[in-house]
Amino acid sequence: MSNFSLPKSERICDQVLISEIFELGNTVKDFPVFAHYLLKDFNGKPLQVLFSVPKRNFKSAIKRNVLKRKMREAYRLNKNTLATVLKNKKQSMNIAFVYTGKEICTFEKLEKKIIAILDRLSEMHEKGLC
RNA sequence: AUGGCUGUUCGUCCCAUCGCUCUUUGAAAUACAGGGGAGGAAAGUCCGGACACCACAGAGUGCCAUGCUUCCUAACAGGAAGGUUCAUACUUGUAUGAAACAGAUAGUGCCACAGAAAAUAUACCGCCAUGCUCCGGUGUGGUAAGGGUGAAAACGUGAGGUAAGAGCUCACGUCGGUCUGAGGUGACUCAGGCGGAGGUAAACCUCAUGGGGUGCAAGACCAAAUAUACCGGCUAUUGGGUUACUCGCUCAGGCCGGGGGGUAGGUUGCUACAAUUGAAUGGCGACAUUCAAUGCAGAUAAAUGAUGGGAAUAGCGCUUGCGUUAUACAGAAUCCGGCUUACAGAACAGCCUUUUUU
RNA sequence: CGCCCGUUCGUCUAGUUGGCCUAGGACGCCAGGUUUUCAUCCUGGAAAUCAGGGGUUCGAAUCCCCUACGGGUGA
């Protein structure tokens, strides 16, 4: 399975779900990215995500947009291992990526961090620690 | 040539791979294919409109905004062309720049400190006349030229006049008011007459003009989802009470509608018009009219991108054609017209400084 | 996206009908005194270009305009 697309159905657009993630979910940190995640029963989509950059750290809308785009690209290219793991277990996961750094970092660095987070999540999931 | 200022225009480009969003054909749907996809400021939300809903007899008062004139415009606190005043420059009547630039002669208030006095004028030192005198002064009256104070001192200069003085009179000026004549669409200008002179309206205010309120989270429709205070209607067919019974009345229930509470999506509004580009005509100009061509974002936890390679421009380094670094300000959210603010660099036009050559 | 409000010593604030305000008070800070010492207490001092810039005025924290930052609110 080599699906690099990220249509709207794989993004979170529901306010109730978002507040659930931030209130009930657990966190995985790898500076400068903070991932809140919440595990659920399988409902057709293995993964749903959202990306956020706080306005507190970046006043300019352009800088926020750039970081969100970079994070989305990094996730889009590396999401498949976690997706297969979840699909095999018949569960789905909602993840919220929040950028907590105060300076813009390069794409390569961001990609490494996001891969690390996704690897940790899939490992934990295979062991059943979530 | 170099540097600076002002104005106008532009404000990185190409290819590959992987994606996002809208739309068209086809289609149950996905997938595939074709097409479109940020700006000059999209920003600030400072003005003005369109559009929508709510409110609304008429008039007045109040509140807010604007404030030289004419024009442009859908409208404006915007723009164009002019007028006036002020500042600067010199060629001394021109150029450049600036102006919340209606009214202080409608009325009220304020003008700290200093100063005699801050606006009905007044009198500390003075000046003049005169009374008294111990000849040092002092009382009374007149006066406001000079001194000192202040941001500002009753219009400025000169002459006449006078006991001393004073727009008291005259000449030349400054300012604004009013009347007459001339020019101009008008602000205003010129000439003459009359009467006049502190400032402050970004103090209250007066005059003129304009303004109903709320904003696309406006509003419309569809689907879902239900506790029900309360109100109205229906109840052939439900039950209780009243009654001997029927009708009637009444209470409860049911249904419908309203009202009010709470949950939470979708569609629409939504992108084709004060539209953009080009030409012609009219106008000093802002701009208008006509003709032709074009179709040019529409997201909603919110798309318009990421990576790699190449080009262009700029800086740095030296091997002088290679390496390396950087590519401004900044991201639509109902839509337009302005204003304000941010902005690497490039091009064009005008003006100024310095240097070189003829 | 729309609408509204605020910004004054290190902190919390007063003053916002223009002049007494180059700005008052409390807490905190510094120095001295009191005490065997510390605290309390007493005395004195420093600390603000009133968010930034421009304008009106003789004179601005105050009036007007622009900018920056912070906050509130609207189904």
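This report walks through the RNA contacts, the largest pocket and the aromatic rings of a predicted model.

## Meeting the RNA

Start with RNA strand B, which has 20 residues around it; K8, I12, R69, R72 and R76 come nearest. Sort those surrounding residues by class and you get eight nonpolar, four polar and eight charged ones. On the RNA side, 63% of the strand B atoms within 4 Å of the protein belong to sugar or phosphate, with the rest in bases.

Three arginines are worth a look up close. R72 has a side-chain N or O atom 2.7 Å from a phosphate oxygen of RNA strand B, and R69 places a polar side-chain atom 3.0 Å from a phosphate oxygen of that strand. For R76, the partner is a sugar or linking oxygen of RNA strand B, 2.8 Å from a polar side-chain atom. Zooming out, the elements that give two or more residues to this surface are helix 1 (15-24), helix 2 (61-78) and helix 4 (107-127). Helix 2 supplies the largest share, seven residues.

## The largest pocket

Now for the largest pocket, with a volume of about 200 Å³. Its lining is made up of R11, I12, I18, V49, L50, F51, N65, K68, R69 and R72. Strand 3 (47-52) and helix 2 are the elements that give two or more residues to that lining, and helix 2 has the largest share here, with four residues. By class, the lining has five nonpolar, one polar and four charged residues.

Some names turn up again: I12, R69 and R72 line the pocket, and they are also among the residues that come nearest to RNA strand B.

## Rings in the interior

The structure holds three aromatic pairs. In one of them, the ring centres of F51 and Y75 are 5.8 Å apart and the planes meet at 65°, so this pair is edge-to-face. The partners come from distant parts of the chain, with F51 in strand 3 and Y75 in helix 2, 24 residues apart. Are these two buried or exposed? F51 is buried at 12% relative accessible area, and Y75 is buried too, at 0%.

F51 also pairs with F97, this time stacked: 5.5 Å centre to centre and 10° between the planes. That pair also links distant parts of the chain, since F97 sits in strand 4 (residues 91-99), 46 residues from F51 in strand 3. F97 is buried, with a relative accessible area of 0%. Put together, F51, Y75 and F97 form one aromatic cluster.

## Helix 3 and what follows

Last stop: helix 3 (residues 80-89), where N80, L82, A83, V85 and L86 are the buried residues. After this helix comes K90, with a positive phi near 60°.

Key. Residues numbered from 1 in each chain as written. Chains lettered and ligands numbered in written order. Predicted model: local features only at pLDDT ≥ 70, side-chain atom pairs only at ≥ 80, totals over all residues. Heavy atoms only, no water. Near = heavy atom within 4 Å. Polar contact = N/O pair within 3.5 Å; in protein donor to acceptor, adjacent residues only side chain to side chain. Nonpolar A, V, L, I, M, F, W, Y, C, P; charged D, E, K, R; others polar. Buried < 20%, exposed > 50% of the residue type's maximum accessible area, 1.4 Å probe, protein only. 1 Å grid on protein atoms, 1.4 Å probe; cavity = no way out; pocket = protein on both sides within 12 Å on 5 of 7 lines; lining within 4 Å. Points joined across faces, edges and corners; volume = space filled by probe spheres on them. Phe/Tyr/Trp six-rings, centres within 6.5 Å; stacked < 30°, edge-to-face > 60°.
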